[in-house]
Amino acid sequence: MTFSALLRRWQTDPLMAPNVAIWHVRSACAAAWHDLPSDLPSQVADVLQQRGIHALYSHQAAAWHAVRQGEHVVIATGTASGKTLCYNLPVQATLTEHSAARALYLFPTKALAQDQLATLKGWFGFHASAIYDGDTPQAQRASIRKHARIVLSNPDMLHTGILPHHAHWAEFFRHLQYVVIDELHVYRGVFGSHVANVIRRLKRVAAFYGARPQFILTSATIANPRELAENLVEESVTLIDQDGSARGERHFLIYNPPVVDEALGLRKGIFHEVVRFAADLLEAGTQAVVFARSRRSVELLLRYLAQAGTHEKKAALFDGSITDSATFPRVAPTVIRGYRSGYLPSERREIEKGLRDGTVRLVIATNALELGVDIGGMDAALLAGYPGSIASVRQQAGRAGRGQAPAVAMLMVGSHPLEQFLARHPEYVLERSPEQGLINPDHLLILLQHIRCALFELPFRVGEGFGRVPPEVLAEYLEILVGSGEAYHREETMYWMADAYPAAGVSLRSASPHNVILQVDDGGSPRRIGEVDLASAPWMVHPRAVYLHEGQQYFVQELDLNQARALLIPVALDYFTEPLRETSLQVLSIAEESGAKAWGEVQVVTQVTGFRKRAWVSGENLGQEPLDLPPSAMQTTAYWLTISAEVVEMLSQQGLWTNAPNDYGPEWPKIRERVRARDGFRCQVCGRAETGRQHDVHHKIPFRMFMRSRHRTSGDVALDGVSGEKRIGADWDVDRAREQANRLENLVTLCAECHRRAEANVRVRSGLAGLGYTLVNLAPLFLMCDPTDLGVHIEPVANAVFGQPAIVLYDQTPAGIGFSQKLFELHQELLERARELVEACSCEDGCPSCVGPGGENGLGSKVETLAILRALV
């Protein structure tokens, strides 16, 4: 089967075609060529001629001219558009013209630096270039510092291994002409805020030696590449984003697996679909890459594919859900390979070579293959789930394509609200990206850590600033260091005086200066495998948690917050754990307020009260256990929206406001006593007797189901509390509904712990909770962050904090990183997109794809959530 025949088959396949949300074809386009620059040194021009390059793409020519005019530049064009030549050409020209000139290349990963070094040596071997990172042998480091014209490194090594030892690099810094920062879009959030401060330190050290380097940055397509670049390097930057490269015909598909449970909105698993499509691609003789979202997913897919290859029929894997005619080609084991962090460097180089020479036909990879490593052009790319950002979707999809040859990329979406939104709104992927790369270099904790590092590197003189931090603000930070005994004044200068080496204690991926060490006890002396920040420890490594590290499961035996240590043992369990948290929130100050929306500083107090066990494969709830951990407080920023009294009243009259406390009626105290006495004052689940605190009385069928059933219109389902049968179009009055809900046979005595479990299993989600679920899962589309970077808090009733019912989205980073202000600015669009998402979902009353599931035996909140959204938008 040919590639074109495969595409035709997919378009008509009854198992596939109905589930293709969008099939977009971008026609082939010719390159926009420009002559080679007249001022290109002959030695460099000869290299291009030998490689068959007789002209430049238009964006390469634009980058050349901007850099040669002394401008700082960011190039934001498509994957495989030749961005590497945009910086290599002017750098090589300058190094040829000036024998002392130096350049520093910064890459986010070691693998990318290795790949770029091979390119430099293969193309421009006449200028010495070398990698300087944690893997560089000590015996080679002095020679690299002295002789390398181009040093390839990463922000972490610059932070801990180069800047603190700048005296050894004096000659290099004295002649530093260029700093190249590849994959700019990676430097966002906490990591980007740290790197911006590392760049401040780099510029300060370079200035000390008399250099003012020029910055050249490259980026995937995001909404604000110039803004992000200017915030990172604190210079005016020229944006070049008109892609002049040639392209063959490109097919882009969004595949939405079929729904297997209409009521619950559950869809067929992505992994089994990947195996089916991979078989088609191998049968067509194409070379393909499958991108998975985690290292564990890579290994699972490899196992599925290996199992499929041992059967004559794939259908054996899928319980007959795929037709018997779908066979999996028999292939040699070396034809299908995995690629992720944790593999030996030699293994990864072998796989990369196999991809380039064609011996590896299918590779299952994490995003380790997303960032520019040279693997040649693939015929196809399968994205097994949304990779977390549109920039990543475009980069992974861009791996498919060999020059003018046709190629296909397929994004397979899951049930997550954001993925379902993209399936219905593919324009967010196909057109201009809405994603904003956000950083906050002046974040209080991050800035203070880097001022320590900068002071260690060079003294601060009175009147000196630090990047865009003005002298008077810097002076306040320095006084903090004086007070802590880390710095001292002498004349007009501030000096470092502590024995500590500050950069060694600063992680570029955490805003917190305090971390919990993870130690593993596997029979010998405890060994350290990593660390987590102190604020995250109670929910990540609480006692009896299952913690994943490098694909290995660990069971947390002990968490000692005073000693900042967690003790783990390796295990192989069939479940994972989810923390159960209780949160309270207080507004400290309001930065900006407009109508129903606001943002400002808040204090969030969180306590992990227990954890839930879930089965790895099915996600089934296996029960929960309590924990006794102290609460933790965090000052951060938040965005919130409030629901006015008028909207609450309108929704209440319609029976669509389920956020107020239950009113069980005036007879409830007597009914409650009768139930507890009937049950012998014992919990009817675990048998625990009352000791001090009275047990709770629980409604087997939730009280709110009876209240909601009064307002269900014809065609909706209500539960009859007497018979337990479904009834259509019920229209009870309040007293009748309350009487049915409070019948003794619907009530049971439970202890506090069992009551919590029962409420989690049988619950009626409020409209506010449903809206909070939708917003927190949709927000990353605009913020270019992970859903775990945001917390959500619901205030269901008017109180002293907000005055009205409210939904709060807050930064999970202490002091905030900028997400809250951006959400405030995007308020209207966020609500409109949320309404579109919920309206378009085909579930009956809430599912993981819109407002969240209602619970294993409960009702959801789709109707209520949609009513709130329509009132707000």
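Let me begin with a pair of helices, where α9 passes α17 in a right-handed crossing, a crossing being right-handed if the near helix is turned clockwise from the far one by less than a right angle, and left-handed if anticlockwise. Before going on, I should say that this is a predicted model, in which local features need pLDDT of at least 70 and side-chain atom pairs count only at pLDDT 80 or more, while totals for chains, interfaces and linings use all residues. Residues are numbered from 1 along each chain as its sequence is written, and side-chain values use heavy atoms, with hydrogens and water left out.

Helix α9 (residues 189-208) and helix α17 (residues 444-457) have axes 10 Å apart and pack at an angle of about 25 degrees, the axes being lines fitted to C-alpha atoms over the stretch in contact, with angles from 0 to 180 degrees between N-to-C directions. That makes α9 roughly parallel to α17, a label for angles under 35 degrees. Helices here are DSSP runs of H or I with at least four residues, numbered from the N terminus.

Turning to the interior, the largest nonpolar core has 153 residues, and such a core is a set of buried Ala, Val, Leu, Ile, Met, Phe, Trp, Tyr and Cys residues joined through side-chain atoms within 4.5 Å, where buried means under 20% relative accessible area with a 1.4 Å probe. Helix α11 (residues 270-283) gives the largest share of this core, 8 residues. A second, separate core of 45 residues includes Val198 and Leu458, and Val198 is also among the α9 residues that meet α17, contact meaning heavy atoms within 4.5 Å.

Notes:
Helix = DSSP H or I, 4+ residues; strand = E, 2+ residues; numbered from the N terminus. Parallel < 35°, antiparallel > 145°, perpendicular 65-115°, else oblique. Buried < 20%, exposed > 50% of the residue type's maximum accessible area, 1.4 Å probe, protein only.
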